[in-house]
Amino acid sequence: MSQGTMYHHQTLLAPTSKGRGTLLLLIMLATSLTLCSCREKVEHGGKHPLVQAGDAFLYMEDLNEVIPARLSAVDSATFAENYIRHWIEEEMLYDKAEHNVRDSRKLEQMVNDYRRALIMHEYRQRLIRQDLVTQLGDNELQAFYDKNKDLFVLEEPVLKGLFIKAPLTAPDLKDLKKWYKDKSEEALEKLEKYALRNTVIYEYFYDHWVTISDLEGKIAIDLAGREKDFDKQKDIEVEDNEFCYLLHIEEYVPTGQIKPYELARNEIVDLLANLREVEFIRQVKTDLYNQAHEMGRIKYFSNETTKTTNDSVRHSVSHAADNSTR
């Protein structure tokens, strides 16, 4: 029985609203009639184009991602209409600007400088995560947590347990409602097999904490409003016109209490990494500089000649530069 299991059986459209899914299908059908009148074949990488502006395409999948969850069909339609209009205007403005801004040398330099900065920033972050963070042992992290627990206060409840969303038409719902309350290995194996065939969502989180907001939007009740009942009511069953929602709460920590260490760990890593980042990056730069010298990758240029540094160069940059002119 694998832990941390999560199954989401979803269609291409967002599952939050039937109206929203219908809306996007209608948008796709309507706009497909007005897509590029030219017959040039364009590869869309499996995506479904909604609108073309110049050479750019807005895809259904991209629009689907930005529409806020739990909007009504009317509000979704309004949001989609405004977003598409804004997207077209931005693309047309960029197209116009690209044809009228001709100081390409200065622009290319700005782009290159920005690209260099982004690449170095990304590399620094990877170094910090890969090297610096690995130096932070669990004993050090736990010690920091124990001394600074007041920094890690929960702003919402966290739970361990199990959540299932299944259609009311799914078979053997009575058995499902027995299994999800049972923590035995046998029951969990039956749940997993059942979930593969019959559930829309199956989330197993006995082994890690999830927040209330992680579950909001997946279950047809206001969980935050029922927080006071979590200590007594470990099993929550709710139905709407289409689905059955089952939530088993194995462990629970309320709002205002100290975060469990497992949840606070990443925050502790970030805090300690930030404190050491400056010195760490300075050391990385020094190491890279020294490696470049040893490999002969640094050259100093003078009016007379160019000399390549080699293994004998051990001095500062200024001394090396002076030596290269002699």
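**Aromatic pairs and buried loop residues**

Tyr145, Phe152 and Tyr261 are joined into a cluster by ring pairs. The model in which this cluster appears is predicted. Across the whole structure, a search identifies 7 aromatic pairs. One of these is formed by phenylalanine 57 and tyrosine 59, whose rings are stacked, with a centre-to-centre distance of 6.2 Å and an angle of 25° between the planes. The pair counts as stacked because planes under 30 degrees apart are assigned to that class. Phenylalanine 57 is buried, at 18% relative accessibility, and tyrosine 59 is likewise buried, at 12%.

Two members of the aromatic cluster, Tyr145 and Phe152, also feature among the contacts of lysine 259. Lysine 259 lies in the loop that connects β7 (243–253) with α9 (261–294). Its relative accessible area is 17%, and lysine 259 is therefore classed as buried, the limit being under 20%. When neighbours within four places in sequence are set aside, the contacts of lysine 259 also include Val153, Leu154, Ala264 and Glu267.

A charge placed over a ring is found for another lysine: the charged end of lysine 165 is positioned over the ring of phenylalanine 243, at 4.4 Å from the ring centre.

A further loop position is that of isoleucine 67, between α2 (60–66) and α3 (73–100). Isoleucine 67 is buried, with a relative accessibility of 3%. The C-alpha atom of isoleucine 67 is separated by 7.1 Å from that of alanine 80, a residue 13 residues away along the chain.

Terms used:
Residues are numbered from 1 along each chain as its sequence is written. This is a predicted model: local features need pLDDT of at least 70, side-chain atom pairs count only at pLDDT 80 or more; totals for chains, interfaces and linings use all residues. Side-chain values use heavy atoms; hydrogens and water are left out. Helices (H or I, at least four residues) and strands (E, at least two) are DSSP runs, numbered from the N terminus. Buried means under 20% relative accessible area, exposed over 50%, partly exposed in between (1.4 Å probe, protein chains only). Rings of Phe, Tyr and Trp (its six-membered ring) pair if their centres lie within 6.5 Å; planes under 30 degrees apart count as stacked, over 60 as edge-to-face and the rest as tilted. A charge sits over a ring if NZ of Lys or CZ of Arg is within 6 Å of the ring centre and within 35 degrees of the ring normal. Contact means heavy atoms within 4.5 Å.
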